[in-house]
Amino acid sequence: MSHKSPVTCHVLIASKGIPGIGIDVKIEKLEQNEFTLLSTSQTNSDGRCPTLLPDGYKAEKGIYRVTFNTREYFTGIGERCFYPYVQIVFELTNPEEHYHIPLLISPYSYTTYRGS
């Protein structure tokens, strides 16, 4: 059974109303003014990354960055996109809470919010 990461993400291709399947995602943490790679993952058949952080990772307060490789995805489905990747920087203030980062994207726009 796979673990559930304390930080998860979900990609929806808003222009098509479908999940973003197979999108490469990485998560980093800001330490001493530099982002350090924590893990890489890929969205599943529902567009989600339930195992974004490694099994056993204990979330800590701090600033994190999630990067989605959107150009590779759109190129793979034969579309051009304006954003080669999307980076979402957020502050994790309560390590006991779950942090969910949804990304709604189309070739020329995106939006995000803190999900549940």
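Which residue in strand 7 does Thr-67 stand opposite? Select Thr-67 in this predicted model and look across to strand 7: the residue opposite is Gln-87.

Next, select strand 6, residues 62–68, together with strand 7. The two run antiparallel and are joined by 7 bridges.

Now widen the selection to the sheet. This is an open sheet of 4 strands in the order 4-3-6-7, and the pairing is antiparallel. At its edges stand strand 4 and strand 7 (86–92); each has a single partner strand, so one side of each is left without a neighbour in the sheet. On average, neighbouring strands here are turned by 20° against each other, direction ignored.

Move to strand 3 (residues 24–31) and strand 4 (residues 34–42), an antiparallel pair joined by 8 bridges. Pick Asp-24 and find its bridge partner in strand 4, Gln-42. Then follow the pair to the turn of the hairpin, where 2 residues lie between the strands. Gln-32, in this turn, has a positive phi of about 50°.

For the interior, show the side chains of Val-7, Leu-52, Phe-68 and Phe-90, the residues with the most contacts inside the largest nonpolar core, which has 25 residues. At least two residues of this core come from each of these elements: strand 1 (7–13), strand 3, strand 6, helix 1 (70–76), strand 7 and strand 8 (99–106).

Finish by centring on Val-7. Leaving aside residues up to four places away in sequence, Val-7 touches Ile-27, Leu-52, Leu-53, Phe-90, Leu-92, Tyr-99 and Ile-101. Two of these names, Leu-52 and Phe-90, were already selected with Val-7 in the core.

Terms used: Residues are numbered from 1 along each chain as its sequence is written. This is a predicted model: local features need pLDDT of at least 70, side-chain atom pairs count only at pLDDT 80 or more; totals for chains, interfaces and linings use all residues. Side-chain values use heavy atoms; hydrogens and water are left out. Two strands pair if DSSP finds at least two bridges between them. Axes are lines fitted to C-alpha atoms, for helices over the stretch in contact, and angles run from 0 to 180 degrees between N-to-C directions. A nonpolar core is a set of buried Ala, Val, Leu, Ile, Met, Phe, Trp, Tyr and Cys residues joined through side-chain atoms within 4.5 Å. Buried means under 20% relative accessible area, exposed over 50%, partly exposed in between (1.4 Å probe, protein chains only). Contact means heavy atoms within 4.5 Å.
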